[in-house]
Amino acid sequence: MTLFVSSNLLRNSSFLKISVFVLISVACFFLGKHWSEDGFRRLIFFSTEPSRSPIVALSPDFGITYNISDLIYKSHPILPPSSSPLPPPPPPPPDSVDLKVFGIVNENGTMSDEFQIGDYDAETLGNQTEVESSSSSDGGDNKSTAARVSLRQFEICSEDMTEYIPCLDNVEAIQRLNSTARGERFERNCPEEGMGLNCTVPIPNGYRSPIPWPRSRDEVWFNNVPHTRLAEDKGGQNWIYKENDKFKFPGGGTQFIHGADQYLDQISQMIPDISFGNHTRIVLDIGCGVASFGAYLMSRNVLTMSIAPKDVHENQIQFALERGVPAMVAAFTTRRLLYPSQAFDLVHCSRCRINWTRDDGILLLEVNRMLRAGGYFVWAAQPVYKHEKVLEEQWEEMLNLTTRLCWVLVKKEGYIAIWQKPTNNTCYLSRAAGVTPPLCDSKDDPDNVWYVDLRACITRIEENGYGANLVPWPARLQIPPDRLQTIQIDSYIARKELFEAESRYWKEIISNYVNALHWNQIGLRNVLDMRAGFGGFAAALAELKVDCWVLNVVPVSGPNTLPVIYDRGLLGVMHDWCEPFDTYPRTYDLLHAAGLFSIERKRCNMTTIMLEMDRILRPGGRVYIRDTINVMSELQEIGNAMRWHTTLRETAEGPHASYRVLLCEKRFESSETHESSETHHTKKKRKTKGKRA
């Protein structure tokens, strides 16, 4: 029985493993003890002296440093072969590594040394920057530290700059002009790079939140536009008058002193086909005064771009914008206006003080470029109805010029004359040889308008009917227009799909804004879309019946989509955001910028753009910036430095999306606290170098 049990134990693998482990441990212990008792006393770790309790003793060599490599070499010398010499020792490592950067990986996956970086504008930043270390928060995973620019608060400009328009008030540039005979002083004369605004424009004393629309059509606060010259000059023409702390607008004009509504009714009766709000959706009012013509057209579903120069009546556009009416400072001088060809269904000029026949009609040729094929030109002026010799001669010159332009005088009644532009080029091609003005060259792009001189030629009408074959309003808002195919973008076949996708995208987003952020209740009236695309943002606001108007800006850095925007029945303008915008301070209730800064940062200084946004934003106004993560931190820093209240939010795509939304508010109290200890310094030194005219 004992033998049987022993054989089973031997066969058990666990028993064998334990036995082997015990034998090896005992052997190692005695070997270690043997070596510790010879000459190598420095390896002693145990004490063999008897003790009541086991203790751990310190080595006698505690605290002494030995060269272990030397000991090993002495105990076990390694003799090199006699036939070969010892190799030289390796060189010591360098004190520093000289890294050479050869380039970046481009979109094709290859290394390139051709790339752009954003410019550092020392003039703009001035003494407002201090460098500090912070953790990168762009992606959440990058925990390395990086230097970032922390902006101190921008100073407030001097009080005489409350109405400053940088490109129109640049007195030094105006004084350097070779000639002002054709109105060059009213054109854009912008400050040189680095010489623009470096402070925030103050508000007038006693400024109040604007009166909401539609009340603002008839009255505005006096302190918001504290100028009485128009009331003094035009009070007898029913334009404007002052009553207590408000300006009142009876709705009249020089040629329609009985009111704009009666005047519009007369035009409709003269030409029923004009059909305001149906066939006629977009109108240009030249020399608009306080924009009562456009203000009263809004109730007829018509959007009017009211324009006038900043001349002796320099505040007329400011009054228009304060009333909540679309308007821009613009003048017929030597350059094209910043609107596309065939933009307006009707062009109106009531005592606009423009000599249409000068220089063989070059100014009326500009009207012809912007007037839609089959559109109407309405002229209310003294030459139409007065029988003085000089005025009769002016009327004959106008008839002669319009005949050569193939315009048809369809109606003349009282002090109003209405012409219609042809719908094709047949009349132009059938004119006698040598008749002026000639047709423009086929290579001329009538939609190229940024700093382009006027052309003394007749703009050709599209042979395929593009720009003229439009459905009535409001159906045209969502129907892809024919001129969509003429836009210079990468896609050709999928343009219609892109157009429809943009419309759906913005309608969904705006619906969320209206519901969650109560856009119908926060007093939005004047809205600027800084990178409009096909106008989907403005179309969504119109479809959702938010009671506002939108000026769609098409940056020069991208494709020119202005023809599509106007064909939809919306307003727009061309602009370069590296330069200031042609409007007064405190113009807009909402600025919207989607994907603007990630593109323009390659060309423009972002601080310059943000300061311009602050200039044209009303106190209490809002800014919505939707852009990539890598620009948001800097934009938020700049916004805070301008005393905006900023909030960075995720988009509907969630926390891992590459886009964020920066919500900003220019709180009213921040504009009223500009009387600080720096005010005296501001008045003396912080004037922009492009001074006011």
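What follows is a walk through the fold, the main sheet and the cores of this protein, based on a predicted model.

Starting with the big picture, the protein has 693 residues, and 48% of them count as buried. Its secondary structure comes to 21 helices and 21 strands. Looking at contacts with a sequence separation of 6 or more, 68% are between residues 24 or more positions apart. The accessible surface adds up to about 36000 Å², with carbon and sulfur atoms holding 53% of that.

Now to the sheet. Seven strands line up in the order β10-β9-β8-β11-β12-β14-β13, giving an open sheet with mixed pairing. Its edges are β10 (327–329) and β13 (408–413), each of which pairs on one side only. On average, and ignoring direction, neighbouring strands here are turned by 20° against each other. Helix α9, covering residues 316–323, packs on this sheet and touches both β9 (303–308) and β10. The direction of α9 makes about 155° with that of β10.

Further along the sheet order, strand β11 (residues 344–350) meets strand β12 (residues 371–380), and the two pair in the parallel sense over 6 bridges. One of the residues involved is S350, whose bridge partner in β12 is A380. Strand β12 also has a helix lying across it: α12 (residues 389–404) spans β12, β13 and β14 (416–420). Relative to β14, helix α12 runs at about 15°.

Strand β12 turns up again in the nonpolar interior. The largest nonpolar core takes in 145 residues, and the members touching the most others are W356, F377 and F597. Strand β12 supplies the largest share of this core, 7 residues. Separate from it is a second core of 11 residues, with V220, F222, V225 and F249 among them.

F597 is worth a closer look. Leaving aside residues up to four places away in sequence, F597 touches M606, I609, M610 and M613, along with I625, D627, V631 and L635. The stretch just after F597 holds a loop between α17 (597–600) and α18 (606–616), and N605 is found in that loop. N605 counts as buried because its relative accessible area is 16%, under the 20% cut-off. The side chain of N605 also has a polar partner in the backbone: one of its polar atoms lies 2.9 Å from the backbone nitrogen of T607.

Methods. Residues are numbered from 1 along each chain as its sequence is written. This is a predicted model: local features need pLDDT of at least 70, side-chain atom pairs count only at pLDDT 80 or more; totals for chains, interfaces and linings use all residues. Side-chain values use heavy atoms; hydrogens and water are left out. Two strands pair if DSSP finds at least two bridges between them. Helices (H or I, at least four residues) and strands (E, at least two) are DSSP runs, numbered from the N terminus. Axes are lines fitted to C-alpha atoms, for helices over the stretch in contact, and angles run from 0 to 180 degrees between N-to-C directions. Contact means heavy atoms within 4.5 Å. A nonpolar core is a set of buried Ala, Val, Leu, Ile, Met, Phe, Trp, Tyr and Cys residues joined through side-chain atoms within 4.5 Å. Buried means under 20% relative accessible area, exposed over 50%, partly exposed in between (1.4 Å probe, protein chains only). A polar contact is a pair of N or O atoms within 3.5 Å; within protein, one must be able to donate a hydrogen and the other to accept it, and residues adjacent in sequence count only if both atoms are side-chain atoms. Accessible areas come from the Shrake-Rupley method with a 1.4 Å probe; for residues, only the protein chains shown count as cover.
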